[in-house]
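Biologist: I've got a list of labels I'd like you to justify. Could you show me the model and take me through them?

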Amino acid sequence: MRSFKADLHIHSVLSPCGDLEMSPSNIVSKAKELGIECLGIADHNCTLNAKLTQRLGKENGIFVLMGAEVTTKEEAHCLCFFEKEEELDAFQTYLDEKLPKIELDEERFGYQLVVNEREEILEMKEYLLISALDADLDEVYNMVHSLNGLFIPAHINKGANSLTSQLGFVPPDIKADGLEISAHITKQAYLKKNAYLKKFQFIQSSDAHYIHLIGETFCYIVAENELTFSEFRLAIAGKEGRYIQTIEQ
């Protein structure tokens, strides 16, 4: 077993709140500079920069989880990751169907760009990607699992767009493969008040929207010598000696 440094919640220029420097090429370059070995590309309600980021990551020795940060009907954010491109494509079709058709106000929210490795614009998404889907937590979880994906409610301790902010607490029977906490708390401190969630593995991520924030918060994936989606699946489940190690500050 070995530990892989991971930042599993990164936004690209596809997210309206993502800085224009956050191209897949720049994200991978910065991760390599910081010694990050695993990235999670998770734009708001859209996956269209994920494949390129994974390909560039592979070329630079970085494993990239492809997915999206979904906003459910409850307005809770959840990370959804997929192993295969065809599963990712099927999920993108689902997202397109469930996203409200609200025109993007670029002056207010920013651009939503699909780009290539040379940072050339391939597409500008016209509908606001940070809207809540017409699908609740259970429906999104079931769709993700029907596509063999992983479902991780995001920054559950935050005061906005989290299970806690939207539901008042994290339900003890929440359907999830793992949970994410933000940089503002340690796992130890969180579990001291929420011991009923100790059955879950926790990731801790930067939620970076700007280049300089990549890797500001990270965790370690403890897995076999080569990190794969299957190894991450075991680690987020805490099985066969694999697990997630957060940084206690």
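Modeller: Sure. Let's start with a cut-off: buried means under 20% relative accessible area. Keep in mind that this is a predicted model.

Biologist: Fine. What makes Q92 count as buried or exposed?

Modeller: Its relative accessibility is 6%, and the cut-off for buried is under 20%, so Q92 counts as buried. Q92 lies in helix α3 and touches C46, T47 and L48, leaving out residues up to four places away in sequence.

Biologist: And how do you know that α3 and α5 are roughly antiparallel?

Modeller: Helix α3 (residues 85-98) and α5 pack at an angle of about 155°. Angles over 145 degrees count as roughly antiparallel, so the label fits α3 and α5. Their axes are 10 Å apart, and α3 passes α5 in a right-handed crossing.

Biologist: Which residues meet there?

Modeller: From α3 you have F91, Y94 and K98, and from α5 you have E139, V140, M143 and V144. F91 and Y94 turn up again with F82, in a cluster linked by ring pairs.

Biologist: How many aromatic pairs does the structure hold?

Modeller: There are 5 aromatic pairs. One of them is Y141 with F151.

Biologist: Why is the pair of Y141 and F151 called edge-to-face?

Modeller: Two values settle that. The centres are 5.6 Å apart, and rings pair if their centres lie within 6.5 Å. The planes are at 90°, and over 60 degrees counts as edge-to-face, so that is the name the pair gets. The pair links distant parts of the chain, with Y141 in helix α5 (residues 137-146) and F151 in strand β7 (residues 150-153), 10 residues apart.

Biologist: Are Y141 and F151 buried or exposed?

Modeller: Y141 is at 15% relative accessibility, which is under 20%, so Y141 counts as buried. F151 has a relative accessible area of 0%, so F151 is buried too.

Biologist: What makes you say that K5 lies over the face of F218?

Modeller: K5 is at 4.5 Å from the ring centre of F218, and the limit is within 6 Å of the centre and within 35 degrees of the ring normal. K101 lies over the face of Y127 as well, at 5.8 Å from the ring centre.

Biologist: Now the loops. Why is N148 called partly exposed?

Modeller: The relative accessible area of N148 is 45%, and partly exposed is what falls between 20% and 50%, so the label follows. N148 sits in the loop between α5 and β7. Its phi is positive, near 65°, though N148 is not a glycine. Most residues other than glycine have a negative phi.

Biologist: Then what puts E240 in its exposure class?

Modeller: E240 is at 58% relative accessibility, and exposed means over 50%, so E240 counts as exposed. E240 is in the loop between α8 and β11 (243-246), and has a positive phi of about 55° without being a glycine. Helix α8 is itself followed by G238, with a positive phi near 65°.

Biologist: Last one. How do you know that A208 is buried?

Modeller: Its relative accessible area is 0%, under the 20% cut-off, so A208 is buried. A208 is in the loop between β9 (202-204) and β10 (219-223). Beyond its neighbours within four places in sequence, A208 is in contact with H9, I10, H11, M22, L213 and I214. A208 and S12 are 196 residues apart in sequence, yet 8.7 Å apart in space, C-alpha to C-alpha.

Definitions and conventions
Residues numbered from 1 in each chain as written. Predicted model: local features only at pLDDT ≥ 70, side-chain atom pairs only at ≥ 80, totals over all residues. Heavy atoms only, no water. Helix = DSSP H or I, 4+ residues; strand = E, 2+ residues; numbered from the N terminus. Phe/Tyr/Trp six-rings, centres within 6.5 Å; stacked < 30°, edge-to-face > 60°. Buried < 20%, exposed > 50% of the residue type's maximum accessible area, 1.4 Å probe, protein only. Axes fitted to C-alpha atoms, helices over the stretch in contact; angles between N-to-C directions. Parallel < 35°, antiparallel > 145°, perpendicular 65-115°, else oblique. Left-handed = near helix turned anticlockwise from the far one by under 90°. Contact = heavy atoms within 4.5 Å.
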